[in-house]
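User: Could you take a close look at one part of this structure for me? I would like a connected account of how two helices meet.

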Amino acid sequence: MRAIALLRRAQSLTALAGIVILAIAISPTAGDGSRIFLQAGNLTDILRQISLIGIISLAMTFVILTGGIDLSVGSILALSTSLVAMWLARGYTQHIAVAILVAVAASGAMGAINGGVIAATRMQPFVVTLASMIGVRGLAKWITSNQNIDIGFGRDLAAEFAATFREKAIVIGSYAVAAAIFWLVLARTVFGRHVRAVGDNERAAEYAGLPIRRTKIWVYMLSGLLSGAAGVLYAAENHQGNPNAGVAYELDAIAAVVIGGTRLSGGKGSISGTIVGTLIMGVLTNMLRLNNVDSNVEMMIKAVIIVLAVAVQREGKES
Amino acid sequence: MPTGETVRMATVLAAAGISKHYGGVYALKGAHFEVRAGEVHALMGENGAGKSTLARIVAGSTRADSGTIAIDGRAVRIASPVDAQRLGIGIIYQELDLFPSLTAGENIVIGNLHAAGQRMEAFCRPYLDQVGLECEVRRPVSSLPIGQRQLLAIARALSMSARIILMDEPTSSLSEDAAERLFGLIRDLKRSGFAIVYVSHKMDEIFRLADRATVLRDGATVGTVEMPSTSAEELIHMMVGRQLAVTARRERTAADPILMVRGLTTTMLKDVSFELRHGEVLGIAGLVGSGRSELGAALYGLDRIVSGSIEARAAIGLVPEDRRLQGLMMQMSVLENSTLRVLGRVARFGWLDRRREAAELAPVARDLALNCPSVDAPLNRLSGGNQQKVLLSRWLLARPGVLFLDDPTRGIDVGAKQDIYRMIDELAAGGAGILLVSSELPELLRCSDRILVLRDGRIAARYYARDATQEKIMAAAAFGDFIDGARC
């Protein structure tokens, strides 16, 4: 029994291992005969590429565990890139930290509004965050007049910000730290327990007197905060604040969560699963690109992988 | 009319040896009954006696484990509602299976084998006329009052050429006027030769309407009686049966009140007043829908209070009626479920201490004789009785001064029941006040000091447990304060 349970829990990990082995096997080789996939530069590239979606999907896991969904993460990311770029490039502040704080705080506020509306009106999270996905995108475009705000390549404050926050170590490190914190919060804190209890059975949570509204507001606010943090990294990496950034990021984040074994109906799931899900998507993308697979074909293959990953995990579902 | 007589006497439906179990619990054990054309046949029994399950089996919406059903003396197989429709069996569910956003006409023709190729108005109108429902076929069902929906559901059954119509607690949500109208229609249908199976435990209705009644108890048929030659006392006696004498409860000394309820009125409760004392177990009896669960919801603050007051001198805990729906997180572990209300006590600055959690649960689990593979096992691995114990442990850990237990032994095995009775005794001995709702009267008599009987949201009778009998409680629950009880 225990062995089967372990295997079941490790299913997404097994899938990841399979894809890594496949990636090694079909990897093109460099001049010296070594496999490009395994080169340190390539492996850290993968980690860097998954970091933004990875960060967003951590809080998305919490949201989905409560039985909700957050479609506004991509728009919030765009708002954050715009704000941090505006503050730095237009000289609203002389401190990088202030610019980041403004962007992340505004993002957290958007998330808190999502959560507040969902908790107060009991409207479906899908509808509420769909509305804010549209509205926040509009806000980002409006404050930037629908223009990209370039972050200088010269020697100004903005350039310093970009140079710092596009470092692989910073980007990957941010993801690692956020992942560790969210993993601990879910597994070890009262709040994490409330998140799972509300998603497992909201009615029972009400009868047990749990703070359902507060828990919901918090998870959406965290989702906003992490989307904002991802937006800061995005701005540095791309040297610009971009009100059109992050389109369809919500879908990638949800895919990572679902591949990681978290149930869309809530109550069951884990941060470790989401991390594995994010890695699966990242390695897959990298493998296909190294082999020059058409990006349209890449999407089709990803579609199959998502369905397969979830189908395999359903096998062990108890009735 | 000689022909009329023959039709009336013919047995149209005969069910025999019907058994059905859910998990380890039997809903029906070899139940049987026979219905004649042109009669209203009541199916009676206490909550959980199996009346509704039997009706659903005949209507094809539930499949029996074993047993035979014959229509006009010919054995038939009813595996689905469509089979039942072909055989001329229609059912009106308590919770009316209509589609609220569709129109009246659409509700009649949907899934109807007889409606194909006909204009909706032409097809529906005769049946709507037959039940006396004057409404546009285009009217959405959601805009109809509940009484008219009931009539629509009957029109629907008639339009499916039903000759045998089952009605499950049809008056449970009807006003008096609407109920009277329904009774008139039932008499008309009976005179036209329809067989009506009327599932209810409301004695007055059954005496007014039924020709015969079959009484079920614990999933088996106790007997069928002719209504003119029986009495309410006999029916009640058949329903509750001869149970073992209940050991007298030890008297509890009068203590200070811990909960005082005055004139409590909500949408479901009317002017409910009582006091609960330290160390007292106050039993709450009543049929389903009498307001017993709503009393718990009101005390716990889940329902809006229209008028009246609740004065509690201690925290109130509530173990809800439906443990899967309202109580437990089925995907979470035993430990996580039990400590859900006391996380503050086992955490420091929001961080959980798993060892302290386990240490909190251990003594309570021992007291309850909780049997689980491990405290980390997910709840869906446990038996119903152990699941219930986990839910109880959640509240035992929270140590409320007043605990409302809503049918805590429903659907669990005898051993687990005994463990729960013992726990109730211990809690009361420790000074807590217990409100105990139960559908099982012997259980109420065994555990309670006093018993309140609710009917239609009001307190119909109050008894000291030592003066109460199952018959008295049942009569008060069905009729109101019909048989005089020793008041308290």
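At what angle do helix α4 (residues 73-89) of chain A and α5(A) pack, and how far apart are their axes?

Analyst: Happy to help! This is a predicted model, in which local features need pLDDT of at least 70 and side-chain atom pairs count only at pLDDT 80 or more, while totals for chains, interfaces and linings use all residues. Residues are numbered from 1 along each chain as its sequence is written, with chains lettered from A and ligands numbered from 1 in the order in which they are written.

The two helices (DSSP runs of H or I, at least four residues, numbered from the N terminus) pack at about 155 degrees, with axes 8 Å apart. Here axes are lines fitted to C-alpha atoms over the stretch in contact, and angles run from 0 to 180 degrees between N-to-C directions. α4(A) and α5(A) are therefore roughly antiparallel, the term for angles over 145 degrees. On the α4(A) side, the contact (C-beta atoms, placed from the backbone, within 7 Å) includes A:Ile76, A:Leu83 and A:Trp87; α5(A) contributes residues including A:Val98, A:Ala103 and A:Met110. The contact residues divide into 14 nonpolar, 3 polar and no charged; Ala, Val, Leu, Ile, Met, Phe, Trp, Tyr, Cys and Pro count as nonpolar, Asp, Glu, Lys and Arg as charged, and the others, Gly among them, as polar.

Following the chain onward, A:Arg122 lies in the loop between α5 (96-121) and α6 (125-143). A:Arg122 is not a glycine, yet has a positive phi of about 60 degrees. Most residues other than glycine have a negative phi. A:Arg122 is exposed, with 10 other C-beta atoms within 10 Å (exposed means 12 or fewer, with C-beta atoms placed from the backbone).

Note on methods
Buried ≥ 20, exposed ≤ 12 C-beta atoms within 10 Å, placed from the backbone. Parallel < 35°, antiparallel > 145°, perpendicular 65-115°, else oblique. Contact = placed C-beta atoms within 7 Å.
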